[in-house]
Amino acid sequence: DMKPMTNAGRFAVAIFDFTTSLYMAIPLGIIGNAFNDVWKDRDHILLMQKTRTRLAQAGYSAKDIPMLFNLFDQDRNGQLDIQEFQ
């Protein structure tokens, strides 16, 4: 291992350490923000995964989804109301 022997060398190392800390803080903030966004949306993501799994188990694919919605959309407004969903 090497270490600085002069005050100028120690000062340079301190500046490099400080700069490195700032440089590393930027990616950590970005990663933390991305994790926070995913964590907020976790319920939606889990619901989508469960729905895909259940549809696949029933033998349906993504191409069958519009047909299923049209089958249950009784008033043809393009949305499933709670009454139509039950």
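Colleague: Where is Ala62 placed in this predicted model, and why is Ala62 called exposed?

Modeller: In this predicted model, Ala62 sits in the loop between helix 2 and helix 3. Its relative accessibility is 66%. Exposed means over 50%, so Ala62 counts as exposed.

Colleague: How far in space is Ala62 from Val13?

Modeller: The C-alpha atoms of Ala62 and Val13 are separated by 58 Å, and the two residues lie 49 residues apart along the chain.

Colleague: Why is Ser21 called partly exposed?

Modeller: Ser21 belongs to helix 1, which spans residues 7-40. The relative accessible area of Ser21 is 47%. Buried means under 20% and exposed over 50%, with partly exposed in between; Ser21 is therefore partly exposed. From C-alpha to C-alpha, Ser21 and Gln86 are 56 Å apart in space, with their positions 65 residues apart in sequence.

Colleague: What makes Thr20 partly exposed?

Modeller: Thr20 is also placed in helix 1. With a relative accessible area of 46%, Thr20 is partly exposed, because that class lies between the 20% and 50% limits. The C-alpha atoms of Thr20 and Gln49 are separated by 40 Å, at 29 residues apart along the chain.

Colleague: What is notable about the phi of Arg76, and why is Arg76 called exposed?

Modeller: Arg76 has a positive phi of about 55°, although it is not a glycine. Most residues other than glycine have a negative phi. Arg76 is found in the loop between helix 3 and helix 4. Its relative accessible area is 56%, and the limit for exposed is over 50%, so Arg76 is classed as exposed.

Colleague: Which residues form the nonpolar patch on the surface, and what makes Met67 eligible for a patch?

Modeller: The patch consists of Tyr60, Met67, Leu71 and Phe72, which together have about 410 Å² of accessible area. Met67 is placed in helix 3. A patch residue needs over 30% relative accessible area; Met67 has 44% and therefore passes that limit, while remaining partly exposed.

Colleague: What volume does the largest pocket have, and which helices supply its lining?

Modeller: The volume of the largest pocket is about 400 Å³. Helix 2 (42-57), helix 3 (65-72) and helix 4 (82-85) each supply at least two residues of the lining. The largest share, four residues, comes from helix 3.

Colleague: How many lining residues of the largest pocket are nonpolar, polar and charged?

Modeller: The lining has nine nonpolar, one polar and two charged residues. The lining residues include Thr51, Arg54, Glu84, Leu55 and Phe69. Arg and Glu count as charged, so Arg54 and Glu84 fall in the charged class. Leu and Phe count as nonpolar, so Leu55 and Phe69 are placed in the nonpolar class. Tyr60 and Phe72 are also among the lining residues, and both belong to the nonpolar surface patch.

Terms used. Residues numbered from 1 in each chain as written. Predicted model: local features only at pLDDT ≥ 70, side-chain atom pairs only at ≥ 80, totals over all residues. Heavy atoms only, no water. 1 Å grid on protein atoms, 1.4 Å probe; cavity = no way out; pocket = protein on both sides within 12 Å on 5 of 7 lines; lining within 4 Å. Points joined across faces, edges and corners; volume = space filled by probe spheres on them. Patch = residues over 30% accessible without salt bridge, like charges linked within 9 Å, V, L, I, M, F, W, Y side chains within 5 Å. Areas by Shrake-Rupley, 256 points an atom, 1.4 Å probe, with all protein chains shown as cover. Salt bridge = Lys/Arg side-chain N within 4 Å of Asp/Glu carboxyl O. Buried < 20%, exposed > 50% of the residue type's maximum accessible area, 1.4 Å probe, protein only.
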